[in-house]
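Let's go through the strands here and ask what earns each label. Have a look at the fold first.

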Amino acid sequence: MTSTISPSSDTRSQVISTYHDHPRFICVSCSAVLALQDEVISKSFSGREGRGFLMHSATNVKLGKKEDRPLLTGVHTVADIFCMGCNDRVGWYYHKAADLSQKYKEGKYLLEREKIVKENNWKLDQ
């Protein structure tokens with residue numbers, strides 16, 4: 001679920017608990033579920049603060065203002081994404097890529113590695 005609510009608005013009550021019993025990524029600050037680990041396209045992307053994961057989808061995020069941003073692979077139209085649980089910026093959403101070779105990123109999410117925690121939901125046998 002992606003929302004276009006103002007990044008500064010209080011959306012904690014709108015956080016949904018989802019993907020029970022599935023490996024997922026959660027927000028490092030508030031533990032809101034942000035994505036399934038199965039949705040990873042690539043782990044070799046660069047974010048603003050280090051490594052980033054390109055994702056097919058994300059949940060419990062809201063979009064910031066759309067802007068043209070020069071990135072390592074050229075200019076892209078992106079919007080920062082913010083955790084609905086704590087309002088921390090956790091990455092960005094690719095709206096449009098200028099270069100044909102980068103079109104595969106359109107409609108995808110970049111989650112910053114430093115902003116997420118990998119939660120495996122392993123169950124140990126008794």
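**Strands and their partners**

Q: Why are β8 and β9 called paired?
A: Strand β9 (residues 109-112) is joined to β8 by 3 bridges, and the two run antiparallel. Two strands pair if DSSP finds at least two bridges between them, so 3 bridges will do. One of the contacts puts G91 opposite its bridge partner L111 in β9.

Just so you know, this is a predicted model, where local features need pLDDT of at least 70, side-chain atom pairs count only at pLDDT 80 or more, and totals for chains, interfaces and linings use all residues. Residues are numbered from 1 along each chain as its sequence is written, and side-chain values use heavy atoms, with hydrogens and water left out.

Q: What makes β7 a partner of β8?
A: Strand β7 (residues 74-83) shares 7 bridges with β8 in the antiparallel sense, and pairing asks for at least two, so they pair. D80 has W92 in β8 as its bridge partner. In the hairpin of β7 and β8, 5 residues sit between the strands, and N87 there takes a positive phi near 70 degrees.

Q: Why is β8 called mostly covered?
A: Buried means under 20% relative accessible area (exposed is over 50%, partly exposed in between; 1.4 Å probe, protein chains only). In β8 (residues 89-97), 7 of its 9 residues are buried, so "mostly covered" fits.

Q: How do you know which strands are the edges of the sheet β3-β2-β10?
A: This open sheet of 3 strands has antiparallel pairing. β3 (33-36) and β10 (116-119) each pair on one side only, which makes them the edge strands.

Notes: Helices (H or I, at least four residues) and strands (E, at least two) are DSSP runs, numbered from the N terminus.
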